[in-house]
Amino acid sequence: MDKLLQDHRKRFGEFEVIEFVDTAEIERLRDQIEVDVPMQLHWTWEYGSEVAELRSLYEKGKVNQWNAELDLDWSLACSNDEWLMNPQASMLASVLQMMGRDEATQKAAMFDEINYVLSQLLHGEQAALQLCGQLTNVCDKMDEKWYAASQVVDEARHIEALSKFMQRKMGSIYPIGSTLKILLEILLEARTAQQKTLGMQTLFEGMAVGIMDMMRRDCRNPLLTEVIHRIEQDESRHAAFGVLMMRRVVRDASTEQKAEMEDWAFGILEALNANQQLDMLHLLGPKYGIDPKSVVQLVTSLPNFADLNSMPYMHTVVPNLRNLGLLTERTRERWLKLGMMTEKKPAAA
Ligand SMILES: [Fe+2]
Ligand SMILES: [Fe+2]
């Protein structure tokens, strides 16, 4: 498989990045809101349960529903003159500290960075909502349709919680990053249930769980901690759906099909990794006198780059892909080389 987003690749020292610099192109990408999606809808006449483990995940989802308006304490405050998270959790705050800038600026930059990350999670939630809607059509078993339908409600609630948090407490929602939009559309445009499930449920849901878990552990703001905690619990159920679905797909796949899925999964995450937050740095860097290229060069040349960079991947995606047999010796070196994985024992499956 060819690398994705070839036209936007360049070398920053040893590291190959994906970078968008043309603002007209970035706006054009964002303004494209109509997407042609080829889908094959399946009826089923089997209304009994055929996949017991999916049925019990569906039951679990029903029990764990929550209300974003009523179950969160919206009276709690959030402002840019507090440390929303541990200072080391913010790339911008860390860089500003190295530059000798005052603490108020560091806190404000962290606030903006978190606002940006939450915005990207929000746009990802919208993609998840739309993709699960598609799954209710393309899946062929009733258990799969039911679970996907229950996830649609979860994703709507995540959009509600995140958008309300940003609108009420942060004051803005940043636009979607170009790299993320292109990758999410690859999943939304994918023709088969297998690709959609692998891409969204296993890769992006898994990444979301990893990122949210790191954010929650570093978070110092009680309302944001609770928002992330509640969403993260639903997301782990969604990632589990991905594994249960993909386990059956992989079991029935030929060696060539497995290799194709393994390469495709790596290709999607490699492109995400190649952005190295440049979309965020281009948007917020100028406000704080930060040069995006220098930051990425600095970060990618750190001796512990792989340890830091691999954290969101190692949390859920790497263990799940390994368990599915979609991260084998064949691609292992590629993951290691790009700092998307380390040899350390994965945290959890
Ligand atoms: Fe979600
Ligand atoms: Fe989800």
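Strands are taken here as DSSP runs of at least two residues, numbered from the N terminus. In this predicted model, such a run, β1 (residues 9–12), is joined by 4 bridges to β2 (residues 15–18), and the two run antiparallel. Within this pairing, Arg9 finds its bridge partner in Ile18 of β2. The hairpin leaves 2 residues between its strands, and Gly13 adopts a positive phi near 65 degrees.

We can turn next to the metal site. The iron ion (ligand 2) is held at 2.0 to 2.4 Å by carboxylate OE atoms of Glu155, Glu205 and Glu235, with Glu205 listed twice among the donors, and by ND1 of His238. Glu205 and Glu235 bring distant parts of the chain together: Glu205 belongs to helix α7 (residues 193–218) and Glu235 to helix α8 (residues 222–251), with 30 residues separating the pair. Along the chain, the donors of this iron ion (ligand 2) are spaced as E-x49-E-x29-E-x2-H. Glu155 also serves as a bridge between the iron ion (ligand 2) and the iron ion (ligand 1), which are 3.1 Å apart.

Two of these glutamates can also be placed by their accessibility. Glu205 has a relative accessible area of 3% and is therefore buried, the cut-off for this class being under 20%. Glu235 is likewise buried, at 1%.

Further along the chain comes helix α9, which spans residues 255–275 and contains 21 residues. From first C-alpha to last, α9 reaches 31 Å, close to the 30 Å expected at 1.5 Å a residue. Just after α9, Gln276 takes a positive phi of about 45 degrees.

How values were computed. Residues numbered from 1 in each chain as written. Chains lettered and ligands numbered in written order. Predicted model: local features only at pLDDT ≥ 70, side-chain atom pairs only at ≥ 80, totals over all residues. Heavy atoms only, no water. Pairing = 2+ DSSP bridges. Expected span 1.5 Å × (residues − 1). Donors = N, O, S within 2.8 Å, 3.2 Å for Na, K, Ca; no water. Buried < 20%, exposed > 50% of the residue type's maximum accessible area, 1.4 Å probe, protein only.
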